[in-house]
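Reader: I have a new structure to look at, and I would like to learn how to read its features one at a time. Could we go through it together?

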Amino acid sequence: MFSSVSRLAIVYTSFTYMDCFTGSDYLCQNHRCIPAQLHCDGFDHCGDNSDEPDTCTRGQL
C-alpha cells in the first residue's frame, strides 16, 4: 500500500499496440492498450499520461 510517506514505488506496465479488449483494456491517446485497472491509478502507464487526466479521482480505481 502506498501513502504520502511512501519512499519507494515500483511500477510495472504491460501494453500492446493491437486492438484493445472492450471492458478489460484502456486505449491510450498514443494508441497503446493497457489493462483497465491501471487507468487513474496515479501512475503514467501509457507513456503520454493520457491514462491519468486531471479528471481522475482516487475513487476511479
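Author: Let us begin with a term: strands are DSSP runs of E with at least two residues, numbered from the N terminus. In this model, which is predicted, Leu27 lies in strand β1, made of residues 25-27.

Reader: How many helices and strands does the chain have in total?

Author: The chain has zero helices and two strands. As for its surface, the accessible area comes to about 4800 Å², with 56% of it belonging to carbon and sulfur atoms, and buried residues make up 20% of the 61 residues.

Reader: With that overview in mind, how many disulfides are found in the whole structure?

Author: The general idea comes before the count: a disulfide is a covalent bond between the sulfur atoms of two cysteines. A search of the whole structure finds three disulfides, and when the bonded cysteines are counted along the chain, the pattern is 1-3, 2-5, 4-6.

Reader: Which cysteine is joined to Cys20, and where do the two partners lie?

Author: Cys20 is joined to Cys33, with an S to S distance of 1.9 Å. This pair links distant parts of the chain, since Cys20 is in the segment before β1 and Cys33 is in strand β2, 13 residues apart. The link of Cys20 and Cys33 is left-handed, with -105° about the S-S bond.

Reader: Are Cys20 and Cys33 buried or exposed?

Author: Here a cut-off helps, because buried means under 20% relative accessible area and exposed means over 50%, with partly exposed in between. Cys20 has 25% relative accessibility and therefore counts as partly exposed, whereas Cys33, at 3%, counts as buried.

Reader: What can be said of the disulfide that Cys28 and Cys46 form?

Author: The sulfur atoms of Cys28 and Cys46 are 1.9 Å apart. Their disulfide is left-handed because the torsion about the S-S bond is about -70°. The pair links distant parts of the chain, with Cys28 in the loop between β1 and β2 and Cys46 in the segment after β2, 18 residues apart. Both Cys28 and Cys46 are buried, and Cys46 has a relative accessibility of 0%.

Reader: Which residues is Cys46 in contact with, leaving aside its neighbours within four places in sequence?

Author: With those neighbours left aside, Cys46 is in contact with Tyr26, Cys28, Asn30, Arg32, Ile34 and Asp51. Contacts of Leu27, counted in that way, are with Cys20, Arg32 and Cys33.

Reader: Asp51 appears among the contacts of Cys46, so to speak of charge, what is the nearest side chain of opposite charge to Asp51, and how far away is it?

Author: A salt bridge needs a side-chain nitrogen of Lys or Arg within 4 Å of a carboxyl oxygen of Asp or Glu. Asp51 is buried yet has no salt bridge, and the nearest side chain of opposite charge, Arg32, is 8.5 Å away. Polar atoms of the Asp51 side chain do lie 3.1 Å from the backbone nitrogen of His45 and 3.4 Å from the backbone nitrogen of Cys46.

Reader: That leaves Cys40 and Cys56; how far apart are their sulfur atoms?

Author: The sulfur atoms of Cys40 and Cys56 are 2.0 Å apart in this disulfide, and the torsion about the S-S bond is about -65°, so the link is left-handed. Both cysteines lie in the segment after β2, so the pair ties together parts that are 16 residues apart in sequence. Cys40 is buried, with a relative accessible area of 5%.

Conventions. Residues are numbered from 1 along each chain as its sequence is written. This is a predicted model: local features need pLDDT of at least 70, side-chain atom pairs count only at pLDDT 80 or more; totals for chains, interfaces and linings use all residues. Side-chain values use heavy atoms; hydrogens and water are left out. Helices (H or I, at least four residues) and strands (E, at least two) are DSSP runs, numbered from the N terminus. Buried means under 20% relative accessible area, exposed over 50%, partly exposed in between (1.4 Å probe, protein chains only). Accessible areas come from the Shrake-Rupley method with a 1.4 Å probe; for residues, only the protein chains shown count as cover. Contact means heavy atoms within 4.5 Å. Lys and Arg count as positive and Asp and Glu as negative; His and the chain ends are not counted. A polar contact is a pair of N or O atoms within 3.5 Å; within protein, one must be able to donate a hydrogen and the other to accept it, and residues adjacent in sequence count only if both atoms are side-chain atoms. A disulfide is a pair of cysteine sulfur atoms within 2.5 Å.
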